[in-house]
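Hi everyone, thanks for coming. I'd like to walk you through one model today, so please have a look at it while I talk.

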Amino acid sequence: MDASVSAKTTANTFETDARAIVTAKYVRTAGTNDVVAGVQPGFVVEPGSEQELAKVLKLANAAGLVVIPRGGGTKLEWGNRPARADVILSTARLHRVIEHAWADLTVSAEAGCTIGKLQEALAKHGQRLALDALWPERATVGGVLSTNDSGALRLRFGSLRDLVIGVTLALADGTLASSGGRVVKNVAGYDLPKLATGALGTLGVITRAFFRLHPLPQETRTISCATTDLRDAQRLALAIQNSKLAHSALQIRCGAEMQPRVDVLFEGTEAGLTAQIEQVKAMIGAATITDASGEVWNARQEISSAGKNTVAEFAVAKFATLPALIADTVDTIARLAAAELRWSVVAQATGIGWVRLEGKAQVIESTLREFRVGLERSGGSLVIAHRPTGMAELDAWGNAGDVLPVMRAVKWQFDPDKTLNPGRFVGGI
């Protein structure tokens, strides 16, 4: 039988069987809005329960079809181009907040629940998930976990791997595997939550998750400090980090057309906030400090958003370096961009930062390559989150080092047939 005829028969059989599981209403032919990093899928399936999702995944795996998990679709372009994209498995209908155990400071939610909806439910009891994810009104629980997306609050509350305490995964063979649970201290069994976080959906499809929570602050206040140059900004950031101040977030913002600024977020009582800010003034001088809107903490989102301006060719990348090397790292960006690219950066005090480059695709590509080489030489890393359409192929992840064989072995254990997101993760996993 001709290969194309065989593939069409397999696809038709899958479509018929998938409709028997989720009903015809929730199986459709993929359109142009469903394209994944330039690759056109065949079908979009929206299961209504964990069990339905697991059955559809097993069906696709048995048929040899490649599955791309999708939540809100805010970060579908992250990672490398998929080797194939046969089926989009959407969690849009898995959108419930399952249980908010407010007395235990824990919550469980389905993977398709948006971060905004989850935070609204938690706020009714004066609590929050201490996470500042990108596009929270659309980003979902499963999506932020799969991409390990966190912002400046990571400085005080840790990353998602510190906040997640349990997950349920649908594996390629249709198994629903759970690890962790309602309690914050749970050490029984395999640490599936941390393994699934940041795996880009290559090990299984997250169907629900449990998180530890924190109280909402009584008051918040953001101050911003203009500095003469990047060295001053870094010295100030390190001085604040080395002090006894109880700040919740700290970042440096700068760009080709922007003077470096240091933003500090304080949370607590009004009296406590006033005392903390007075300490900062005593450290650096009151004249350089201004009160700032909480909007400054959206700098990472502004850098990542396509609609920031009308520039068609731009790239966004996430870098990691030592906190003491932030100024050197940004200086490198400025030197490489020179007069050919417009650039902007927001760097968190943890050493994690985001850079946006605007200009010709060829220049962006060569700049990212050279920037990555320098970062990796000093023990850092660069992950490309968005690239212009005209840019030459460039691996999104960079050098994985000697951990890659272990990662491939884990992938084989969970997904031996490479059904889930093949080619998109580190080393082409």
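I'll talk about the empty spaces first and then about two helix pairs.

One thing up front: what you see is a predicted model, so please keep that in mind throughout.

Let's begin with the enclosed spaces. Rolling a probe the size of a water molecule over the atoms shows where empty space is left. Here the count comes to three cavities of 30 Å³ or more, and I'll describe two of them.

The largest cavity has a volume of about 330 Å³. Its lining is made up of 26 residues. If you want to find the centre on your screen, look for Pro69, Arg70, Gly71, Gly143 and Ser146, which lie nearest to it. Which elements supply at least two residues each to this lining? They are strand S3, residues 67–70, helix H4, residues 141–147, and strand S10, residues 205–212. Helix H4 gives the most, with five residues. As for the character of the wall of this largest cavity, we have ten nonpolar residues, 13 polar ones and three charged ones.

Now on to the second largest cavity, with a volume of about 80 Å³. Gln234, Ala237, Leu238 and Gln241 are among the residues lining it, and so are Leu250 and Ile252. The lining also includes Pro323 and Ile326, along with Ala347, Gln348 and Ala349. Helix H8 (230–242), strand S13 (247–255) and strand S17 (342–348) each bring at least two residues to this wall. The top contributor is H8, with four residues. By class, the lining of the second largest cavity holds eight nonpolar and three polar residues, and no charged ones.

Next, the open side of things. The largest pocket has a volume of about 880 Å³. It is lined by 35 residues, and Gly198, Val383, Trp397, Phe425 and Val426 are the closest to its centre. Several elements give at least two residues each to the pocket lining: H4, helix H7 (192–196), strand S16 (314–320), strand S18 (352–358), strand S19 (381–386) and helix H13 (404–414). You may recall H4 from the largest cavity, where five of the lining residues come from it. In the pocket, the largest share comes from S19, with four residues. The pocket lining divides into 20 nonpolar, ten polar and five charged residues.

That brings me to the helices. Two packed helices are described by the angle between their axes and the distance between the axes.

My first pair is H11, residues 326–337, and H12, residues 361–377. How do they run relative to each other, roughly parallel or roughly antiparallel? Their axes come within 10 Å and cross at roughly 155°. Angles over 145 degrees count as roughly antiparallel, and H11 and H12 are therefore roughly antiparallel to each other. H11 passes H12 in a right-handed crossing. On the H11 side, the contact is made by Thr329, Thr332, Ile333, Arg335 and Leu336, and on the H12 side by Thr367, Glu370, Phe371 and Leu375. This contact has four nonpolar, three polar and two charged residues.

The second pair brings back H8, now packing against H11 at an angle of about 150°, with the axes 9 Å apart. That angle makes H8 roughly antiparallel to H11. The crossing of H8 past H11 is right-handed. Leu230, Arg231 and Gln234 in H8 meet Ile326, Ala327, Asp328, Val330 and Asp331 in H11. By class, the contact of H8 with H11 has four nonpolar residues, one polar and three charged.

Two residues are worth a last look: Gln234 and Ile326 take part in this contact, and both also line the second largest cavity.

Thanks for listening!

Conventions: Residues are numbered from 1 along each chain as its sequence is written. This is a predicted model: local features need pLDDT of at least 70, side-chain atom pairs count only at pLDDT 80 or more; totals for chains, interfaces and linings use all residues. Side-chain values use heavy atoms; hydrogens and water are left out. On a 1 Å grid over the protein atoms alone, a cavity is a set of points where a 1.4 Å probe fits but cannot get out, and a pocket is an open set with protein on both sides within 12 Å along at least five of seven lines; lining residues have an atom within 4 Å of a point. Grid points are joined across faces, edges and corners, and a volume is the space filled by probe spheres set on the points. Ala, Val, Leu, Ile, Met, Phe, Trp, Tyr, Cys and Pro count as nonpolar, Asp, Glu, Lys and Arg as charged, and the others, Gly among them, as polar. Axes are lines fitted to C-alpha atoms, for helices over the stretch in contact, and angles run from 0 to 180 degrees between N-to-C directions. Angles under 35 degrees count as roughly parallel, over 145 as roughly antiparallel, 65 to 115 as roughly perpendicular and the rest as oblique. A crossing is left-handed if the near helix is turned anticlockwise from the far one by less than a right angle, and right-handed if clockwise. Contact means heavy atoms within 4.5 Å.
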